Amino acid sequence: MAKRRGFFAELQYQSQQAEKRRRQQEAAAQRAHVAAQRQSERAWRAYERAQATAARASAAEQKAAEKEAARLHSDARLAEVAELNADLAAQYADLDGLLVSTLGVDDHVDLAALKVTKVEHPAFEPGALAVETPEVPLPQRWDPPVWREPVPPAGLGAAFGGKKRHEKVVAEARAAFDAADAHWAHADREAREIYQRGLVYRDGAEKSRLRKLAEAEAAYRSECEAREAQAAARNAELDKLINGLAFDVESAIDEYVGIVLANSVYPEAFAVEHDHTFTLQGRELALTATVPAPGTMPTVKEHRYVKARDEITTVALSAREQKERYANAVWQVALRTLHEVFEADRAGKIHSIALTVGVDTLAAATGLPVMVPLAVVAADREAFTKLDLSNVVPKATLEHLGATLSRSPADLTPADASRDVRAARSV
């Protein structure tokens, strides 16, 4: 059953979840690094021993080397078991410390600090659009051919048929010159035409680039403006929420509670959801905390290495231990939730909290969704804030507050929700 969460509460929740995942990933990476380092050192030592054994090659030493290899393998498996048990111990420490883990945290949320004071924009990256279209290289130029008339014959050469021969040479030279001149004119014209076409193409390409660059810049400015507008809208909503809190607007107080509870990050093995409604008349917050079903709880007490079978086995928690740990987690969630809300509400807007801690399940008789209440308690601010939660037994504290509690939360035995816990609460 999905629980409602406001916009700012969802932002806070996602931020806290991301931070939790980051811490978990860092811890997992560190464990993996240490394990890999140990394994590498073991493998290197084993290699060195194997090299030494091969050099000596005696039967006794071979046997000793095999024994040493077996020992190293056993050590590796024991290290693996130690890591599994360390993870398990950390998991149980989280579950057993649900209440203590929040006592050192100031649950008040400074709404003004949630405002966006500076909008971060990514750098504009036009890529290839920033590169100007290359200029068209000037056409190759060479000098036109120059007519040089052959030198006419002189003396006897001119007298004995030289003149005719000269005319022939001149005619041939003229023909060669005309051909060369025509070739030059054609090549020059073609080079100029290619250059002109290149100029037209380059001009079109550059105009296209500049147009696309302008479009990209406009799109970037639009995105920046959208981010600025989004930040402004968020800040305006926060101002509205802050003003609403100052003037006791019910919805504002209710939304603030959602932000506070979204900041309350539980272990993955025991995720908790909240639903709530604040009523200005009576200044009471009706609050529901939904906890995981008992079947989701870890059941392994420890991991062990069985050397004879080269196998890692598990030892299960006793049914009694499982039930006690689950019940204690439920009682802790009740006190933790009351504490976080009252501590966060510095202005004292909320005078009392009517809290139900339960489990979403399916009714055996109807198959329909139903919540099984495991703890129902009503607490006044004045009485609750006098408690020293660092020294209490959660179940005893809830009984002191007049709560009605399930006899066996792990069996989903419902608490008596019909009893008037408000009349029974400590004042």
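1. **Nonpolar core.** In this predicted model, the largest nonpolar core holds 56 residues. Phe270 and Val291 have the most contacts inside this core. Seven elements each supply at least two of its residues: α2 (59–96), α4 (156–246), α5, β2, α6 (319–344), β5 (352–362) and β6 (369–380). Helix α6 gives the largest share, twelve residues. The general background is familiar: in soluble globular proteins, nonpolar side chains tend to be buried together.

2. **Valine 291.** Which residues does valine 291 touch, not counting residues up to four places away in sequence? One group is Phe270, Ala271 and Val272. Another is Tyr326, Val330 and Val333. The rest are Val357, Gly358, Val359 and Leu374.

3. **Phenylalanine 270 and tyrosine 326.** These two form an edge-to-face aromatic pair. The ring centres are 6.1 Å apart, with 65 degrees between the planes. Phenylalanine 270 lies in the loop between α5 and β1, and tyrosine 326 lies in helix α6, so the pair ties together parts that are 56 residues apart in sequence. Phenylalanine 270 is buried, at 0% relative accessible area. Tyrosine 326 is buried too, at 1%.

4. **Aromatic pairs and the tilted example.** The count of aromatic pairs comes to four. One of them joins phenylalanine 124 and tyrosine 220: the planes stand at 50 degrees, so the pair is tilted, and the centres are 5.2 Å apart. Phenylalanine 124 sits in the loop between α3 (100–103) and α4, tyrosine 220 in helix α4. The pair therefore ties together parts that are 96 residues apart in sequence. Buried or partly exposed? Phenylalanine 124 is partly exposed, at 28% relative accessibility. Tyrosine 220 is partly exposed as well, with a relative accessible area of 22%.

5. **Charges over rings.** Arginine 325 places its charged end over the ring of tyrosine 92, 4.0 Å from the ring centre. Arginine 336 does likewise with tyrosine 266, its charged end lying 3.8 Å from the ring centre.

6. **Serine 264.** Arginine 336 also appears here. Serine 264 is in contact with Arg336 and Glu340, leaving aside its neighbours within four places in sequence. Serine 264 is placed in the loop between α5 (250–262) and β1. Is serine 264 buried or exposed? Its relative accessible area is 8%, so it is buried.

7. **The open sheet.** Five strands make an open sheet with mixed pairing. Their order is β1-β2-β5-β6-β7. Strands β1 and β7 (404–405) stand at the edges, each with a single partner strand, so one side of each has no neighbour in the sheet.

8. **Pairing of β2 with its neighbours.** Strand β2 (residues 284–290) pairs with β1 in the antiparallel sense, over seven bridges. Threonine 277 has alanine 286 as its bridge partner in β2. Strand β2 pairs with β5 in the parallel sense, over seven bridges. There, the bridge partner of leucine 285 is isoleucine 353.

9. **The β1–β2 hairpin.** Four residues lie between the strands of this hairpin. Glycine 282 takes a positive phi near 90 degrees.

10. **Two faces of β1.** Side chains alternate along β1 (residues 273–279). His274, His276 and Phe278 point to one face and are buried. Glu273, Asp275, Thr277 and Thr279 point to the other face and are not buried.

11. **Glutamate 250.** This residue is found in helix α5. At 35% relative accessibility, glutamate 250 is partly exposed. What does glutamate 250 touch, not counting residues up to four places away in sequence? Phe278, Thr279, Leu280 and Gln281. Between glutamate 250 and threonine 277 there are 8.7 Å in space, C-alpha to C-alpha, at a separation of 27 residues in sequence.

12. **Whole chain.** The secondary structure comes to nine helices and seven strands. Of the 427 residues in the protein chain, 33% are buried. Among contacts with a separation of 6 or more, 71% link residues 24 or more positions apart. The chain exposes about 25500 Å², and carbon and sulfur atoms supply 55% of that area.

Methods
Residues are numbered from 1 along each chain as its sequence is written. This is a predicted model: local features need pLDDT of at least 70, side-chain atom pairs count only at pLDDT 80 or more; totals for chains, interfaces and linings use all residues. Side-chain values use heavy atoms; hydrogens and water are left out. Buried means under 20% relative accessible area, exposed over 50%, partly exposed in between (1.4 Å probe, protein chains only). Two strands pair if DSSP finds at least two bridges between them. Contact means heavy atoms within 4.5 Å. A nonpolar core is a set of buried Ala, Val, Leu, Ile, Met, Phe, Trp, Tyr and Cys residues joined through side-chain atoms within 4.5 Å. Rings of Phe, Tyr and Trp (its six-membered ring) pair if their centres lie within 6.5 Å; planes under 30 degrees apart count as stacked, over 60 as edge-to-face and the rest as tilted. A charge sits over a ring if NZ of Lys or CZ of Arg is within 6 Å of the ring centre and within 35 degrees of the ring normal. Accessible areas come from the Shrake-Rupley method with a 1.4 Å probe; for residues, only the protein chains shown count as cover.
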